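Visitor: I would like to go through this model with you and ask how each label is earned. Could you take me through it?

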Amino acid sequence: MTSSNTLSGPPVSVGVRLEEWVTPVVVVTLAGEVDAFLAADLERCIDEALAQRRPVVVDAYDVSFMDSTGLGFLARLASRSGERHITVLGAPEHVRHLVHRARLDVMIDLQTHPGATA
């Protein structure tokens, strides 16, 4: 599933895929502006990701903007995941700041993107 916002700013996308890591995980990729425009797509991503019954990794490396819609997505994903682990990978500073301010860092694990400099 991919959505694009062609009104202004960088391309926006949301997607879910299954990847084989040491343990198979579901990767949810967020890019561009994560805001109310993507609300319906984000809800579908939660359902698709959790249906896989595997740990979830949210790749946020290319997020240029996130508002309360994106924060709510992360909160719902984490709260509905049960025992499955949620990791946000490569989140830019503005996203990490939102996650910390909302105290979601007790529910999700923030990791730097492989090869990124902190």
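Guide: Gladly! Helices (H or I, at least four residues) and strands (E, at least two) are DSSP runs, numbered from the N terminus. On that basis the protein chain has three helices and five strands, in the order β-β-α-β-α-β-α-β. This is a predicted model, where local features need pLDDT of at least 70, side-chain atom pairs count only at pLDDT 80 or more, and totals for chains, interfaces and linings use all residues. Residues are numbered from 1 along each chain as its sequence is written, and side-chain values use heavy atoms, with hydrogens and water left out.

Visitor: What is the mean pLDDT of the protein chain?

Guide: pLDDT is the predictor's confidence in each residue, from 0 to 100. Its mean here is 83, and 77% of the residues reach 70 or more. Residues 1-10 fall below 50. Where pLDDT is low, the predicted coordinates should not be read in detail.

Visitor: How do you know that the span of helix H1 agrees with its number of residues?

Guide: The expected span is 1.5 Å times one less than the number of residues. For the 13 residues of H1 (residues 39-51) that gives 18 Å, and the end C-alpha atoms lie 19 Å apart, so the two agree.

Visitor: Why is Asp41 called buried?

Guide: Buried means under 20% relative accessible area, exposed over 50%, and partly exposed in between (1.4 Å probe, protein chains only). Asp41 has 9%, so Asp41 counts as buried. Arg44, at 42%, is therefore partly exposed.

Visitor: What makes Asp41 and Arg44 a salt bridge?

Guide: The term asks for a side-chain nitrogen of Lys or Arg within 4 Å of a carboxyl oxygen of Asp or Glu. Asp41 and Arg44 meet at 2.2 Å, N to O, so the pair fits the definition. Being three residues apart in helix H1, they are separated by about one helical turn.

Visitor: Which parts of the chain does the pair Glu43 and Arg76 link?

Guide: The side chains of Glu43 and Arg76 also form a salt bridge (2.5 Å, N to O). Glu43 sits in helix H1 and Arg76 in helix H2 (residues 68-80), 33 residues apart, so this pair links distant parts of the chain. Glu43 is partly exposed at 28%, and Arg76 is partly exposed at 32%.

Visitor: How many salt bridges does the structure hold?

Guide: Four. One of them joins Arg96 and Glu93 at 2.6 Å, N to O.

Methods. Contact means heavy atoms within 4.5 Å.
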